Amino acid sequence: MTAIRTALVIGGGIAGPVTALALRKAGIEATVYEAYPSTADGVGGTLALAPNGLAALRIIGADEPVRALATPIRRTVMSIRGSRIELPVLPDLPPLQVVHRSDLYRALHDRALAEGVPVEYGRRLVDVRQGADGVTAVFADGTTATGDVLIGADGVHSTVRRLIDPNAAGPDFTGLLGFESVARHEVDVPPGVMTFAYGKRSYYLYWREPGGGTRWGVNLPQERPMSLTEAREVPPAVWLRRLRHVFADDEPGRDLMRTTDPERLLVTGSLHIMPPVRHWHRGRMVLVGDAVHAPSNSSGQGASLAIESAIQLARCLRDLPDVPSAFAEYERMRRPRVEGVAARAARINRTKSPGPIAGAIMPLMMRLMLKTVLNPEKMLAPEQRYVIDWDARVAPSPALR
């Protein structure tokens, strides 16, 4: 068993509270340090939690509070040039759950506080000092905190990643800018059905909102990345005029944009993915969540993978005899899985703006592939059937002994 007793968790978004809760369950005291001056309520759009993500949340007792806030998606359909193609599912698994990021954040934050996890705000990390017996975080306000390990759960623009490796690559821009809203128009599809639609000029998705109307999301092609602040400085009415032009020839995209009010338009920002990160850890520092693996939102797995990694890291720190072996086993356990999901999502991204010829033949190709190579057990099971056995002891792989 490891001698680790205390951990500093940098970042209070999604991965941070989960990491702290899992560490606490493993007998390690963790404190979360968040750069924001207060809670991040209302930040972010809608995200998906796959069955494997819900299974991981169950370990820290957070699955039912999150499920109560989410909308179940039982079927997914691809719409291409008017053709609707049912996509495969694993019928014996729970449905995909879509939840507002701010609601997920609040549920995890409240769960952490209920379990006695300290959360400190306004603590922006600027430096780290490592020693043989511990690690000290230095914050912008001049304060410090010391623990046995420091965990970077601080997102795609991670400070901890740069402290681990000053030459680390940053996130890659996908060429897409995200928007989301709820339209008054109600689509003619049953509740619980998510449609992935390939419009003539851009990709979008939609589903019926339980409270009425239709929630939609758009990935708009964009030449250069924009910071969230920069994108939100553009008046919503200006963005909405552009969206109405882009989807003017699409059904139901045209009606969704036409019946969306500017004040309800949410700009979710430029979409980024993390390329493979060379160094997941150094000394007493390690990365978790989007700081080390942020697949495209096309994967439907970003939040679920972050939750999984947080829990697997806690298991490794619980069971292995020292920090180097715990961090090495954590990376060995997680890297192939997260990079495989990211590669699949990157392939999907390349299809989001098919040209006229590709768009014409995609329905035929998809129907053929669904009958042949797109077996749901082969395509979905490795990701969605993944369940962490919390009680199983982690042993170092032979290569690490």
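This report walks through the fold, one helix, two strand residues, a cavity and the aromatic rings of a predicted model.

## The chain overall

Let's start with the big picture. The protein chain runs to 401 residues, and 54% of them are buried. DSSP-style bookkeeping gives 13 helices and 19 strands.

Sequence-distant contacts matter a lot in the count here: take the contacts between residues at least 6 apart in sequence, and 74% of them join residues at least 24 apart. On the outside, the chain exposes about 17,400 Å², with carbon and sulfur atoms supplying 55% of that area.

## Helix α1 and its cover

Helix α1 spans residues 15–25, and it is mostly covered, with 9 of its 11 residues buried. The buried ones are A15, G16, P17, V18, T19, A20, L21, A22 and L23.

What sits over them? Among the elements covering the buried residues of α1 are the strands β1 (6–10), β2 and β12 (149–152). Helices take part too, including α2, α4 (101–114) and α9 (302–319). Just after α1 comes G27, which takes a positive phi of about 90°.

## A30 in strand β2

Strand β2 covers residues 29–33, and A30 is found in it. With a relative accessible area of 5%, A30 counts as buried because that value falls under the 20% cut-off.

Setting aside neighbours within four places in sequence, A30 is in contact with A7, V9, A20, L23, V117 and P118. Two of those partners, A20 and L23, are also on the list of buried residues in α1. There is a long-range link to point out as well: A30 and V149 are 119 residues apart along the chain, yet their C-alpha atoms are separated by 9.5 Å. V149 belongs to the stretch 149–152, which is β12, one of the elements covering α1.

## Q97 in strand β7

Now for a residue with a polar side chain. Q97 lies in strand β7, residues 96–100. Is Q97 buried or exposed? Q97 is buried, with a relative accessible area of 3%.

Leaving out neighbours within four places in sequence, Q97 is in contact with L47, A48, L49 and L54 on one part of the chain, and with R67, A70, T71 and P72 on another. L54 falls within α2, which spans residues 51–59.

## One cavity

How many cavities of 30 Å³ or more does a search of the whole structure find? The search turns up 1, and the space in the largest cavity comes to about 30 Å³.

Its lining is made of N52, A55, A56, I59, E308, Y386, V387 and I388. Helix α2 gives the most to that lining, with 4 residues. By class, the lining has 6 nonpolar residues, 1 polar and 1 charged. E308 is part of the lining, and its number places it in the 302–319 stretch of α9, one of the elements over α1.

## Aromatic rings

Finally, the rings. The structure holds 6 aromatic pairs. One of them joins Y198 and Y203 in an edge-to-face arrangement, 5.5 Å centre to centre with 70° between the planes. Both Y198 and Y203 are buried.

There is also a cluster to look at: Y204, Y206 and F247 form one aromatic cluster.

Notes
Residues numbered from 1 in each chain as written. Predicted model: local features only at pLDDT ≥ 70, side-chain atom pairs only at ≥ 80, totals over all residues. Heavy atoms only, no water. Helix = DSSP H or I, 4+ residues; strand = E, 2+ residues; numbered from the N terminus. Buried < 20%, exposed > 50% of the residue type's maximum accessible area, 1.4 Å probe, protein only. Contact = heavy atoms within 4.5 Å. Areas by Shrake-Rupley, 256 points an atom, 1.4 Å probe, with all protein chains shown as cover. 1 Å grid on protein atoms, 1.4 Å probe; cavity = no way out; pocket = protein on both sides within 12 Å on 5 of 7 lines; lining within 4 Å. Points joined across faces, edges and corners; volume = space filled by probe spheres on them. Nonpolar A, V, L, I, M, F, W, Y, C, P; charged D, E, K, R; others polar. Phe/Tyr/Trp six-rings, centres within 6.5 Å; stacked < 30°, edge-to-face > 60°.
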